[in-house]
Amino acid sequence: FKITAYAEELLDYSKLNWPERVHAMQKNWIGRSEGAEVVFTTEKGGHALPVFTTRPDTLWGATFMVMAPEHPLVDELTSPEQRAEVDAYVEQATRQTEIDRLSTEKEKTGVFTGAYAINPVNQERIPIWIADYVLMTYGTGAIMAVPCGDERDFEFAQKYNLPIPVVVAPPDWDGQPFEEAYAAPGIMHNSGPFSGMVTIGKYNLEDWTPELAAEYGLPADLTPQTEGRTAVTRWLEEQGIGKGAITYRLRDWLISRQRYWGCPIPMMNCPTCGIVPVPYEDLPVELPEDVEFMPTGESPLKFHEGFKKVTCPQCGAIAERETDTMDTFMCSSWYQYAYMDPHWKDGQTLSADDIPYNPDEGNYWLPVDQYTGGIEHATMHLLYTRFFTKAMRDMGVVNFDEPMNNLFNQGIILGEDREKMSKSRGNVIAPDDLVQEHGADTVRGYLMFGFRWDQGGPWDSHGILGVERFLEKVWDVVTNSPAGQGQPTAAQIRELKRKQHQAIRRVTKDIEDFTFNTMVAGLMEYTNALVDFRNKAGALVGTADWAEAIRTLVLLLAPGFPHLAEELWARIGQPYSVHQQSWPAWDEELAKEDVIEIAVQVNGKVRDKLELPADVDADTAKARAQALDGVTKYTAGKQVVKVIYVPGRLVNIVVR
Ligand SMILES: [Zn+2]
């Protein structure tokens with residue numbers, strides 16, 4: 001699957017509201033590097049050896065080339081004297097895994113082929129080696145080696161006595177041979193027309209800040225004309241020996257797996273027609289459920305005759321069904337499209353024009369508004385599903401560019417010892433036991449209340465009791481509030497409404513923000529307020545306003561505490577189900593705090609005024625008054641002797 005065709009577009013996050021660290025991890029995974037492709041030529045045979053380098057500014061320091069042992073030119077280039085050594089080396093390299101070959105732990109080895117290449121920038125003759133750390137699958141299978149600027153090349157050159165001329169050095173270089181490679185920005189040396197120029201190395205000109213320049217002791221005001229790497233790239237193009245190029249670390253996606261558990265690849269192999277797709281009318285191909293798992297080390301599908309034996313739809317011959325299955329990331333790349341409408345065209349014959357869901361459903365639901373998932377998916381699932389969506393867009397299936405607009409990464413709940421839960425540590429908290437003991441709503445409530453959803457944290461077995469007490473209080477205030485005597489005052493009703501509408505506003509916003517901990521805190525405050533009203537303003541209980549306040553509490557509880565809410569909903573005589581009700585709306589006017597304006601005096605003279613909530617306490621009023629600009633200019637440098645608060649009217653600050 002050619003995910004690399006989308007490498008550049010996958011680096012564009014402008015249409016996504018995803019966590020910054022997911023962007024960063026994907027960018028790193030895609031690994032875009034700017035550089036140049038430069039063509040070296042073999043002395044023998046005149047073969048072109050294109051190499052990609054991120055550091056064209058170091059070309060004059062390329063004193064040897066290294067090819068992958070599998071490179072198709074190795075055989076032809078190898079000299080008779082080197083033949084035996086080269087053959088032996090190629091043989092041992094093929095026996096190693098790619099991972100072993102790329103291991104940074106491993107000592108770098110190589111063999112001289114006896115052949116030379118011409119460095120196009122200075123026509124120097126440089127030896128061609130083979131080494132197993134160069135892979136045929138990366139780039140062109142050949143690299144230029146610049147020992148003064150690359151640690152690996154430096155070690156290799158030291159080991160095999162190859163020259164290490166200095167071509168980029170720090171500004172304070174003393175002219176002595178290097179004792180280690182220098183890869184940072186610096187001054188170019190021994191580099192033909194570019195000697196003496198500043199090069200910023202791996203940085204891009206637009207990222208070259210005065211701070212960076214100062215760090216390396218180099219000038220900050222560089223242009224494409226005066227910066228070495230850019231200037232060399234342009235020069236290569238003018239000379240016709242190279243060109244600016246971009247490479248990506250991202251590889252194409254091999255989707256086949258040699259195992260049973262995966263979606264079958266809908267292909268067959270016909271002895272006459274070759275690879276033939278399974279006809280649309282036979283889709284989907286389903287896994288047989290009666291395979292035998294034998295210790296063969298191979299997929300059991302290979303031994304299932306009924307699955308394997310098919311008739312070629314083109315020529316009628318006996319053909320063999322593909323027994324490799326797909327990487328499971330294939331299915332998770334587009335499951336959001338299938339899950340939306342899972343029975344679309346069930347049992348019907350499919351055609352090439354079909355899409356996986358009812359387009360009307362797609363227009364309504366897609367793309368996904370809010371997705372949640374762990375950060376561990378950053379460079380796999382979350383990258384693959386973006387690729388799939390872009391490919392589906394280009395096939396005309398969807399009309400948007402990204403699969404999910406918003407993404408949140410949830411945190412992880414740790415054990416009480418602050419370590420990740422694991423059986424071996426013995427710190428696993430089993431949800432089933434807790435649900436058994438406290439009930440599902442309590443356990444869920446604590447998970448919401450005890451942690452920031454996106455951060456997680458250590459489990460606290462006492463914390464759950466706080467949520468349990470809260471729910472008991474909810475139960476009590478809803479089911480056990482006897483009506484008081486007399487009529488409530490207008491102020492009491494006003495205050496009840498205010499708390500009710502403030503609670504709706506807060507819970508609604510907290511749910512939208514995924515801040516479930518403060519959502520539960522808001523529900524707790526509202527419940528406490530209702531308990532206070534019942535105890536101190538009992539005349540409210542039994543009124544229509546009280547019933548409305550209680551009804552609101554139960555509605556607000558429903559998303560987080562679904563079982564309790566359903567039960568309470570029935571007990572307050574409301575029709576089934578609480579989960580099918582409209583979400584309550586708040587009224588900003590009703591939610592607004594009553595505000596009073598008070599005068600602020602310094603030594604008895606009014607200097608400023610202040611708006612405060614009507615129920616403000618004296619300490620808050622005094623502190624707010626003393627912080628006013630209109631006040632501090634009269635109190636600065638003086639000693640505050642006394643601050644007097646006359647509730648609802650004024651604050652007087654006495655200074656000396
Ligand atoms: Zn055939």
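At what angle do the axes of helix H14 (residues 431–438) and helix H15 (residues 440–449) cross, and within what distance do they come? In this predicted model, the two axes cross at roughly 120° and come within 7 Å. H14 is therefore oblique to H15. On the H14 side, the contact involves Leu434, Val435 and His438, which meet Ala440, Thr442 and Val443 of H15. By class, the residues of this contact comprise four nonpolar, two polar and no charged.

A zinc ion forms a second point of interest. Its protein donors are the SG atoms of Cys270, Cys273, Cys312 and Cys315, which lie 2.2 to 2.4 Å from the ion. Along the chain, these donors follow the spacing C-x2-C-x38-C-x2-C. The angles among the four donor atoms are 103 to 113°, and the site is tetrahedral.

Burial can be stated for two of the zinc donors and for Thr527, a residue in helix H18 (residues 516–536). The values are as follows.

| Residue | Relative accessible area | Class |
|---|---|---|
| Cys312 | 3% | buried |
| Cys315 | 38% | partly exposed |
| Thr527 | 0% | buried |

Cys312 is classed as buried because its relative accessible area is 3%, under the 20% limit. Cys315, at 38%, is partly exposed.

What does Thr527 touch, apart from residues up to four places away in sequence? Its contacts, with those residues not counted, are Phe470, Lys473, Val474, Val477 and Leu553. Thr527 itself has 0% relative accessibility and is therefore counted as buried.

Conventions:
Residues numbered from 1 in each chain as written. Predicted model: local features only at pLDDT ≥ 70, side-chain atom pairs only at ≥ 80, totals over all residues. Heavy atoms only, no water. Axes fitted to C-alpha atoms, helices over the stretch in contact; angles between N-to-C directions. Helix = DSSP H or I, 4+ residues; strand = E, 2+ residues; numbered from the N terminus. Parallel < 35°, antiparallel > 145°, perpendicular 65-115°, else oblique. Contact = heavy atoms within 4.5 Å. Nonpolar A, V, L, I, M, F, W, Y, C, P; charged D, E, K, R; others polar. Donors = N, O, S within 2.8 Å, 3.2 Å for Na, K, Ca; no water. Tetrahedral: all angles 85-135°; square planar, octahedral: opposite > 155°, others 65-115°. Buried < 20%, exposed > 50% of the residue type's maximum accessible area, 1.4 Å probe, protein only.
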